Amino acid sequence: MATAPDRPAAPTHAPENLRQWVLEVAARTRPQQIHWCDGSDAEYAELLRRMTAAGDLLELNPKSFPDCHLHRSNPSDVARVEHLTFVCTVKRDDAGPNNHWMAPAEARQKLAALFEGCMKGRTMYVVPYCMGPIDSPYSRCGVEITDSAYVAANMNLMTRMGAAALARIARDGSFVKGLHSIGELDPERRFIMHFPESLEIQSFGSGYGGNALLGKKCHALRIASWQAREEGWLAEHMLIVGVESPKGETHYLACAFPSACGKTNLAMLIPPASMPGWKIWTVGDDIAWLHPGPDGRLWAINPEAGYFGVVPGTNEKTNRHAYEMIRHDTIFTNVALTADNEPWWEGLDKGTPKFDWQGRPFDPARGPAAHPNSRFTVSAAQNPSYSPQADAPQGVPITAIVFGGRRRALAPLVYQARDWAHGVLVGAGMASETTAAATGDVGVVRRDPMAMKPFAGYNFADYWGHWLKMGGRAKKLPGIFHVNWFRRDAKGKFLWPGYGENLRVLKWIIDRCEGRAPGLDTPIGAVPTRESLEFSGLDIQPSTIDELLAVDRDAWRREVAEIGKYLESYGNRLPGSLANELSKLNSRLD
Ligand code: OXD
Ligand code: MN
């Protein structure tokens with residue numbers, strides 16, 4: 001193999017500030033050895049081999065799932081922990097009511113005690129990574145120090161990690177410092193702390209993706225959203241999808257939905273048979289960094305290089321591309337196993353589970369076989385619909401921004417905001433039912449502005465102010481829309497088939513932006529006329545369409561009152577123009 005995993009010395013091109021920091025951390029955490037990751041295939045294979053030998057990974061059936069492995073988490077460590085996630089700014093108000101806050105000095109003291117000697121007997125991995133294409137001016141780098149081989153291997157799939165990132169760090173001179181230890185995986189000794197003012201992250205006591213793969217939520221959303229405000233761009237919880245029409249015209253949409261609400265499925269959508277000639281290109285499935293481009297449009301890059309997706313529900317019909325791409329070279333976390341050593345999950349339309357996600361003989365009385373938040377980690381390059389533009393340094397131009405949530409009532413299938421400022425209100429007023437992606441109750445409607453409730457690294461009031469300002473920075477702004485795939489009838493049945501059929505809605509959105517689709521003006525925005533949505537080949541009753549597109553004024557008045565109360569909780573930091581948008585909406589409803 002190209003590199004020995006235990007090589008202690010820093011690579012020659014590692015900058016001095018990085019070497020110094022690594023030595024300081026090693027002196028505090030006292031690992032047995034230090035391994036600087038180079039990101040090579042040989043290194044990845046060696047990491048997997050070691051974890052398998054140690055029992056941290058199980059090799060799956062090599063014939064049907066070649067080079068796939070299963071990792072079983074500690075049962076108390078299977079999701080993001082929002083109540084243990086802190087933004088540590090000098091002033092409490094800068095973190096805002098949307099974040100848990102701790103004073104930086106207090107947080108550092110707590111963490112220092114936890115990290116002291118925590119890597120004894122372990123290997124300390126130094127993981128240099130680049131969020132975004134290596135040669136993009138919009139990309140940003142970081143280094144994660146971790147004592148988890150699982151984290152190092154996942155970072156290899158999820159980011160551009162290793163030698164090329166290190167070379168860029170040496171060029172840039174600055175990087176986000178991420179320090180991570182699994183500690184004892186004790187929920188009582190678990191903290192995910194962010195110091196946006198000094199570009200630092202410290203995470204202790206969890207090995208779960210969103211808590212431990214620091215490039216993802218911690219860097220690319222919480223720290224990056226802070227940097228984006230300072231530098232005039234946006235770091236958002238959005239997929240980026242290219243929609244190519246039969247005429248060969250491609251439009252890119254950036255869509256913000258809360259965790260586990262179908263971003264990966266939408267990013268890899270398979271067009272229905274009744275819409276021949278349409279193609280979908282995935283640029284990203286979770287995070288978008290948006291910059292005003294020289295042509296006045298917003299341009300987006302996906303800072304990630306892989307997918308950390310929810311497994312349950314994935315099958316040939318719901319997401320054929322994901323289903324195919326996770327059949328080789330994939331790390332599964334917390335899925336069940338069949339007797340043939342194949343991964344199994346709820347919603348897979350074949351096979352039977354023999355062992356549940358904890359490795360116990362499967363007993364339906366104990367709940368689902370796969371954990372509802374079980375995940376796959378896979379390189380984006382394995383996705384059959386991976387867009388060649390995903391590596392473009394300038395990113396892709398965004399035609400429309402789409403907000404959405406999981407709402408069984410109220411929000412119509414799709415509506416369009418009247419303009420940018422109204423669109424910011426639509427995003428700020430978003431609410432969605434909670435899912436298994438974070439610990440806590442599932443199915444409870446909560447406010448989740450721009451799908452960023454768990455991820456905005458600063459006060460939401462300032463964040464909305466920044467969004468409003470961005471409206472003045474780009475001359476050709478994308479249209480802003482809201483969708484809801486999850487509306488149900490009185491009996492609880494979904495009204496809309498979703499999945500591939502969502503393309504019909506994306507087509508209307510693009511047509512609207514291109515000025516070629518009529519809309520019906522309502523107080524909340526424009527909804528499609530029945531004729532302007534493409535329904536050919538879809539078995540749906542006209543009355544269902546009417547129900548999907550209906551705007552119930554009374555219910556909306558109640559909703560707007562709720563949104564008003566929520567926005568008021570941000571006090572006098574709330575931008576006046578947002579409050580103004582809300583009163584305009586109120587008057588339209590009257
Ligand atoms: C994720 C999440 O893992 O949003 O992407 O929780
Ligand atoms: Mn996410």
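**Exercise 1. Sort the residues around the second largest cavity into nonpolar, polar and charged.**

Solution. Let's start with the result: the lining of the second largest cavity splits into three nonpolar, two polar and three charged residues. Now check it against the names. The lining is made up of V243, S245, E249, H251, W278, K507, I510 and R516. Val, Ile and Trp count as nonpolar, which picks out V243, W278 and I510 from the lining. Glu, Lys and Arg count as charged, and here those are E249, K507 and R516. That leaves S245 and H251 for the polar class. As for space, this cavity has a volume of about 40 Å³. Keep in mind throughout that you are working with a predicted model.

**Exercise 2. Find how many cavities of 30 Å³ or more there are, and describe the largest cavity.**

Solution. Begin with the count, which comes to three cavities of 30 Å³ or more. Next, take the largest cavity, which holds about 170 Å³ of space. It has 17 lining residues, and Y415, V426, G429, W556 and I563 are the ones nearest its centre. Then ask which elements give two or more residues to this lining: they are α11, α15 (553–568) and α16. Finally, sort by class, and you get twelve nonpolar, three polar and two charged residues.

**Exercise 3. Work out how helix α11 is oriented relative to helix α16.**

Solution. First locate the helices: α11 covers residues 420–428 and α16 covers residues 576–589. Their axes come within 9 Å and cross at roughly 90 degrees. Angles of 65 to 115 degrees count as roughly perpendicular, so α11 is roughly perpendicular to α16. Now look at who touches whom. From α11 the contact takes A421, H422, V424, L425 and A428, while α16 brings L578, E581, L582, L585 and R588. By class, this contact has seven nonpolar, one polar and two charged residues.

**Exercise 4. Describe the largest pocket, from its volume to its lining.**

Solution. Step one is the volume, about 1,000 Å³. Step two is the lining: 48 residues surround this pocket, with A260, C261, G262, V310 and R406 nearest its centre. Step three is to see where they come from. At least two lining residues come from each of α8 (215–231), α9 (263–267), β18 (306–310) and β22 (375–379). Of the elements, α9 has the largest share, with four residues. Sorted by class, the lining has 20 nonpolar, 17 polar and eleven charged residues.

**Exercise 5. Do the same for the second largest pocket.**

Solution. The second largest pocket holds about 490 Å³ of space. It is lined by 23 residues, and D56, S148, A149, Y150 and I182 are the closest to its centre. Each of α2 (41–54), β3 (69–71), β6 (123–131) and α5 (149–158) supplies at least two lining residues, and α2 gives the most, with three. The class split is ten nonpolar, seven polar and six charged.

**Exercise 6. Explain which parts of the chain the salt bridge between R30 and E116 ties together.**

Solution. Start with the pair: the side chains of R30 and E116 meet at 2.9 Å, N to O. A salt bridge needs the nitrogen within 4 Å of the oxygen, so this pair qualifies. Next, place each residue. R30 sits in the loop between α1 (16–29) and β1 (33–36), and E116 in the loop between α4 (104–115) and β6, so the bridge ties together parts that are 86 residues apart in sequence. In total, the structure holds 38 salt bridges.

Definitions and conventions. Residues numbered from 1 in each chain as written. Chains lettered and ligands numbered in written order. Predicted model: local features only at pLDDT ≥ 70, side-chain atom pairs only at ≥ 80, totals over all residues. Heavy atoms only, no water. 1 Å grid on protein atoms, 1.4 Å probe; cavity = no way out; pocket = protein on both sides within 12 Å on 5 of 7 lines; lining within 4 Å. Points joined across faces, edges and corners; volume = space filled by probe spheres on them. Axes fitted to C-alpha atoms, helices over the stretch in contact; angles between N-to-C directions. Parallel < 35°, antiparallel > 145°, perpendicular 65-115°, else oblique. Contact = heavy atoms within 4.5 Å.
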